[in-house]
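Reader: I should be grateful for a close look at the enclosed spaces inside this protein. Please describe what surrounds them.

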Amino acid sequence: FLEKGREMSANNIIVISAIGNDGPLWGTLNNPADNADVIGVGGIDYAGKIASFSSRGMTTWEQPGGYGRVKPDIVAYGKDVPGASMNGGCRSLSGTSVASPVVAGAVALLASTVAEQDRATRLNPAAMKQALVETAQRQSGSSIFEQGAGNLDLYKAYEALTSRQPRASFWPDKWDLRAEACPYMWPFCTQAIYHGMQPLIINTTILNSMGVTGHIDGPPVFEPTPGQGAACLDVGVEHAPVLWPWSGYLALYIRVTDACKALGGTVEAGGELTVTVISPAHYGGAAPLRSKATLSLQVSIVPTPARSKRVLWDHWHNIQ
């Protein structure tokens, strides 16, 4: 599926895939829904709860560049959904393979709202995913690795798709790892960071609706939020050399600096990471397209605990 999916996506075909029915176990999502350029769909019931069968993230196969990516992207109704029966009448079906055609129908409707003369420049897999994840309605009580951005909101996605120009963006674009962000940011929100710990690694996705290929121009820039914790964060970055098709990875390596080695209590810290994405000129354009994308980060920093009170936890390998 991998090469064929990328071939279709690179040729401007929007690929939508069920995340799988291997929940509630973690790390059970399926290919091709776990691909960065594919819209991966999980399932919820009519109460807005994650269906028990819906597979969970995080992604587990794209080593080393994409491992730990947030998936699914969005969720839709996938439990006891009525549909046509082969024997006439209706029957109810459940599964993420029921939720994904709900999204496929929505995407077809959304695509039809873009004027035909604008589709070549404004409608592509990244633009559609941006519209969906930026407007989805977050469901209470479940992790980002269960629901992604949340439940599909068709009308808000329509407004986003028809009002915004092609650009680069992060998905997710906000990483609030503090305790108050639980349960949505589980497992990150369950443990504050401290000096001397292994770097906390977060993998986010860059979406680029300007073109099927692109690259990050110059080094990413992290600007800490002014305050007591401004000198505490050391944020390293690793990113895909080429964004293709329509997307790429960016990893954050988060450490506590020596300046905060001897904290007397909890400190809040954060900042914004900015990247500039360039895509080649296309569709008769004379100059390359440029766009800035910004990612927000918030963490809690605590005094280093005694060694006897530390437990080694590697979310990339232990979450499953």
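Author: The following account deals with the cavities and their linings. The model is a predicted one. Two cavities of 30 Å³ or more are present in the structure.

The largest cavity holds about 90 Å³ of space. Its lining is made up of R122, A127, Q130, A131, E134, A160, L161, R164, Q165, P166, R167 and S209. Two elements, helix 4 (125-135) and helix 6 (154-163), each supply two or more residues to the lining of this largest cavity. Of the elements, helix 4 gives the most, with four residues. By character, the lining of the largest cavity comprises five nonpolar, three polar and four charged residues.

The second largest cavity encloses about 30 Å³ of space. Around the second largest cavity lie A36, D37, P125, A126, K129, L207 and W246. Helix 4 again appears here, as the source of the largest share of this lining, with three residues. The lining of the second largest cavity divides into five nonpolar and two charged residues, with no polar ones.

Taken together, the two linings have helix 4 in common: helix 4 gives the most to the lining of the largest cavity, and the largest share of the lining of the second largest cavity also comes from helix 4. As to composition, polar residues number three in the lining of the largest cavity, whereas the lining of the second largest cavity has no polar residues. Charged residues number four in the lining of the largest cavity and two in that of the second largest cavity.

Definitions and conventions. Residues are numbered from 1 along each chain as its sequence is written. This is a predicted model: local features need pLDDT of at least 70, side-chain atom pairs count only at pLDDT 80 or more; totals for chains, interfaces and linings use all residues. Side-chain values use heavy atoms; hydrogens and water are left out. On a 1 Å grid over the protein atoms alone, a cavity is a set of points where a 1.4 Å probe fits but cannot get out, and a pocket is an open set with protein on both sides within 12 Å along at least five of seven lines; lining residues have an atom within 4 Å of a point. Grid points are joined across faces, edges and corners, and a volume is the space filled by probe spheres set on the points. Ala, Val, Leu, Ile, Met, Phe, Trp, Tyr, Cys and Pro count as nonpolar, Asp, Glu, Lys and Arg as charged, and the others, Gly among them, as polar.
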